[in-house]
Amino acid sequence: MAAAQPKPRFTNAAREALTCYLFLLPWGLGFLAFVIGPVVASFVLGFMDYEIVTPARWVGLANYIELFTDDARFGMSMGNTLYYVLVFVPFHVIIATLLALLLNQKARGIAVYRTLFYVPSIVPIVAGAILWVWILQPEWGLINSTLRMVGIEGPLWLASLTWSKPALILMALWGSGAAMIIVLAGLQGVPQHLYEAAEIDGANRWQRFQHVTIPMLSPTLFFILVLSVIASFQVFTTAYVMTGGGPAESTLFYMLYLYRRAFVLLDMGYAASMAWILFVAVLALTLIQFKLASRWVYYEAEQS
Amino acid sequence: MIRDQAVGSQQSREIHPSARGQPLRRLLERGGTQLLLVLGAVVFALPFVWMVSTSLKADRQIFAFPPIWVPDPFIWGNFPAVFIYAPMHLYFFNTLLIALAHVFGAVFTCSLAAYGFARLRAPGRDIIFMVMVSQMMIPYIVMLVPLYLLFAELEWIDTFYPLTIPAMLGTPFYIFMLRQFFLTIPMELEEAAIIDGATRLRIWWTIVLPLAKPALATVAIFSFMFAWNDFTGPLIFLNTREKFTLSLGLQAFMFERRTMWGPLMAASTMMIVPILIVFFLAQKHFIQGIALTGIKA
């Protein structure tokens, strides 16, 4: 009896492990075939010249060298993307925070306002893009019509070298509602007693905001900052649908250029090396942000 | 309860020296907040109103200055007109089909894997979990080129397979969310079932899935919305018009008929309305989704 007992226990554990592996199997298959395989292949492809019609040829670092020394569009598309990131991200974080602060007040119909602010962020991106092409239409669009009513002749927006990028950013900011909901959740997680304590200590409204709200909210803001940097580096669909990269390639963002290289020019090796550069750049930026985070992000657990 | 707290904080305010003159100030603050809310709401909602208004107008009212907000008369013709220029019914059907495959993957495959990660012990399981979590950090574009080549090799280009099969095998984000939820379900029910000799598959199906309905609804909605909105995938993997999704079809429609704003706005409205219906039917699951990702902490 005593000798027999360990055996079934062992088979039970083995059976549980087997069951576990079987439960993970579908995801595992997908992971091997559609994730790990392609990632490795992509890395290798970056060192090859492969234009589909001709057999792949090993070229070493040639793609990377060409990108950095002999491709004006590479630098330009990266510059356009940086412009987009540097303007969009601060506005995005600030607007999301302001809206959340506004919604965190006691006022009539808060639920309705929350819905109104949030809904644009779930609009299908192509439908939203088409709507905004119409809104930004220079002659009959909503924005320029409104401006004309107060006597201002608006810019050509998507057809203007100067205004094409701001126009795309404006449209993207319309979708700040998702980040707003996250900030709102962060705001509602700030313990009420901290405000009360600060008030008893004689802190006025601004001081309470500065010394209670901002530190307590900083992890949430950091989270949004990191995510919106990652996402905005990959801006693609709005530019593809609304401007096609124009005018004069002023909205040729990095992803759009990568797409053209890969799927218009069928320059697969070159595009793969471009993807890795973007990945490494965004990864490095994210790590830097984490490094800098200790200076301004407040984590309660560390203090206690 | 909430009311009591409010009264409490009011009292503490009254002790404060600067309490004098507060009613007026509070009134101004309330008014200011309300004003800003209304302004914000107008800015965020006007594009929608403009879209619907344009879709219901005749051309001579669409191209008018100053802009006309209320169509006179209401014209419904832009909606049927869309179907003349673009096979919207096919786009709807294709998009729905792909979205349902995504929902299937999220609800069944992902919850299966999530159950494995949450409840079943196996050597290396936690390492595999870490691998899955890091999968979430790999950007799609790094895989895009080889994926295209792989699907070309499999002769999957211009079929729905590239847009459905990977999703049906599971998405790490949904697996992660469901695992977090499963960890909050008390184990007693499952333990009783194990003693009764039920298999794990049976427990997953008859006990865990019914208990996890709110979380399943959340991942179902997320995956549906992702598939409904996705543009890059269809753009790269589909070629023939009959196979287009709504996103791709709408983009092609605008590319060809850039000035037909009435039908274009009607088409955009038709693409947005299903998403809005899903949202209004399931608002709380959107909030739940945010809570499940653990962002709050």
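Me: In this predicted model, what share of the contacts in chain A with a separation of 6 or more comes from residues 24 or more positions apart?
Reply: That share is 69% in chain A. A pair enters the tally if the C-beta atoms, placed from the backbone, lie within 7 Å.

Me: How do you know how chain A compares with a compact globule of 304 residues?
Reply: Happy to set them side by side! Such a globule would have a radius of gyration near 19 Å, whereas chain A has 26 Å. The C-alpha trace of chain A spans about 90 × 70 × 35 Å along its principal axes, and 37% of its 304 residues count as buried.

Me: What makes helix α10 (residues 205–233) of chain A depart from a straight helix?
Reply: The yardstick is 1.5 Å a residue, which gives 42 Å for a straight helix of 29 residues; α10 of chain A spans only 37 Å between its end C-alpha atoms. There is also a kink of about 50° at Ser218(A), shortly before the proline Pro219(A).

Me: Why are residues such as Leu217(A) and Phe233(A) in α10(A) called buried?
Reply: The label applies because 20 or more other C-beta atoms lie within 10 Å of a buried residue's own. Leu217(A) and Phe233(A) are on the list for α10(A), which also includes Ile224(A) and Ser228(A). The buried residues of this helix pack against α3, α8 and α13 of chain A.

Me: Which residue classes make up the side of chain A that touches chain B?
Reply: Good one to finish on! The contact takes 67 residues from chain A and 69 from chain B. Helix α1 (residues 6–45) gives the largest share of chain A's side, 19 residues. By class, that side has 54 nonpolar, nine polar and four charged residues.

Notes:
Residues numbered from 1 in each chain as written. Chains lettered and ligands numbered in written order. Predicted model: local features only at pLDDT ≥ 70, side-chain atom pairs only at ≥ 80, totals over all residues. Contact = placed C-beta atoms within 7 Å. Helix = DSSP H or I, 4+ residues; strand = E, 2+ residues; numbered from the N terminus. Nonpolar A, V, L, I, M, F, W, Y, C, P; charged D, E, K, R; others polar. Expected span 1.5 Å × (residues − 1). Bend = angle between axes of the 7 residues up to and from the residue. Buried ≥ 20, exposed ≤ 12 C-beta atoms within 10 Å, placed from the backbone. Rg over C-alpha atoms; globule rule 2.2 N^0.38 Å.
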